Amino acid sequence: MTDKVRNNMHRETILFLLVAIIMGNSLMTAALDQTIITTNESGLNNSEPTEQSSLPEKPVLQPKETAPVTGNYVLNDTAGKPCIKVSMGVEYIVIEKKKASYFNLDPSTTLATGRCGQKEAVLSLAIVGEGGYLDLTFEKEGNISYVSKVRANLAPSKGNKNYPGVIEHEKLFPTAADHSLKCNSQTEFHLAENLRVKLGPLQFQAFKLTNGKFGEEVECWADFNKRIFPIIIGATVVGLLLIAVLSFLIIRDHHRQAGYDRI
């Protein structure tokens, strides 16, 4: 084979390889472009979220009252140990023009933060999107802990009005150390003229939790009163019936004795 033929074959081979490489790159680019377009259409790889998806919805007040969902919240100290554990449902009640509207706290859109101290600890539950918050301040005196402050704010979606409120310098739900307070009854706090917060059912423990679990349960006064009140009423009714029966028997015997004396 002559050198001229070899050179022609070499040039044809190089030309064929260049054409193949160019066509391959074109096909790969088209495939990649198609994949990116498909991903964006499905919404799975959108690097620029729309305004609707980036802004969480603010609380929407409801005209009727419903039972709130029970949320479980744990606050850890700097060492990673729980210092507050709370399980409760939260309902906001807004009063406007003597008309009540309601909003239930959703645990899935609530962020739990706060601080842990030796004698004071605060659990703050914030509604995502600056929709409001609920702060519970726990204090410790000796072997007893209690809630000293309840502070809340609600910023509904309708209008620009906020509804803040607070009660403080209290000794609510006193509980001994290593014990948890449990209350199946709902407890309503009047934080302001137009804002109330209702908690329940609830269980909480602050400052010391063994293995992050609730300690021995202590019954709240509301549950105790509900349980003991029917017993007191029943005992009172039975007592009144016994007094009535005894009075009847005494009067009857007195009349009989008077009859015998005449004879």
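Is arginine 151 buried or partly exposed? Arginine 151 counts as partly exposed, at 33% relative accessibility. Here buried means under 20% relative accessible area, exposed means over 50%, and partly exposed lies in between (1.4 Å probe, protein chains only).

This is a predicted model, in which local features need pLDDT of at least 70, side-chain atom pairs count only at pLDDT 80 or more, and totals for chains, interfaces and linings use all residues. Residues are numbered from 1 along each chain as its sequence is written, and side-chain values use heavy atoms, with hydrogens and water left out.

**Salt bridges**

A search of the whole structure gives 11 salt bridges. The term stands for a side-chain nitrogen of Lys or Arg within 4 Å of a carboxyl oxygen of Asp or Glu. Side chains of opposite charge can pair when their charged atoms come close. Three of these pairs are set out below.

| Pair | N to O distance | Relative accessibility |
|---|---|---|
| Lysine 161 and glutamate 96 | 2.7 Å | 42% and 30% |
| Aspartate 135 and arginine 151 | 2.7 Å | 9% and 33% |
| Lysine 208 and aspartate 178 | 3.8 Å | 48% and 36% |

Take lysine 161 and glutamate 96, whose closest N and O atoms are 2.7 Å apart. The pair links distant parts of the chain, 65 residues apart. Lysine 161 sits in the loop between strand 7 (144-154) and strand 8 (163-167), and glutamate 96 in strand 2 (residues 82-96). Helices (H or I, at least four residues) and strands (E, at least two) are DSSP runs, numbered from the N terminus. Lysine 161 is partly exposed, and glutamate 96 is partly exposed.

Aspartate 135 meets arginine 151 in a salt bridge. This pair also links distant parts of the chain: aspartate 135 is in strand 6 (residues 132-141), arginine 151 in strand 7, 16 residues apart. Aspartate 135 is buried, whereas arginine 151 is partly exposed.

Lysine 208 and aspartate 178 meet at 3.8 Å, N to O. Lysine 208 lies in the loop between strand 12 and strand 13 (216-219), and aspartate 178 in the loop between strand 9 (172-176) and strand 10 (179-183), so the pair ties together parts 30 residues apart in sequence.

Salt bridges also form a network, which links Glu65, Glu91, Glu188, Arg196 and Lys198.

**A hairpin**

Strand 11 (residues 187-192) pairs with strand 12 (residues 195-206) in the antiparallel sense, over 5 bridges. Two strands pair if DSSP finds at least two bridges between them. A hairpin of 2 residues joins strand 11 to strand 12. Alanine 192 has leucine 195, in strand 12, as its bridge partner.

**Threonine 110**

Threonine 110 belongs to strand 4 (residues 110-116). Threonine 110 counts as buried, at 13% relative accessibility. A polar atom of its side chain lies 2.6 Å from the backbone oxygen of aspartate 106. Threonine 110 touches Tyr73, Leu105, Leu125, Ala126 and Val128, not counting residues up to four places away in sequence. Contact means heavy atoms within 4.5 Å.

**A nonpolar patch**

Val245, Leu246, Phe248, Leu249 and Ile250 form a nonpolar patch on the surface. Together they have about 490 Å² of accessible area, by the Shrake-Rupley method with a 1.4 Å probe, where for residues only the protein chains shown count as cover. Patch residues have over 30% relative accessible area and no salt bridge; like charges are joined within 9 Å, nonpolar side chains (Val, Leu, Ile, Met, Phe, Trp, Tyr) within 5 Å. Valine 245 is placed in helix 3 (residues 221-262). Valine 245 is partly exposed, with a relative accessible area of 48%.

Definitions and conventions. Polar contact = N/O pair within 3.5 Å; in protein donor to acceptor, adjacent residues only side chain to side chain.
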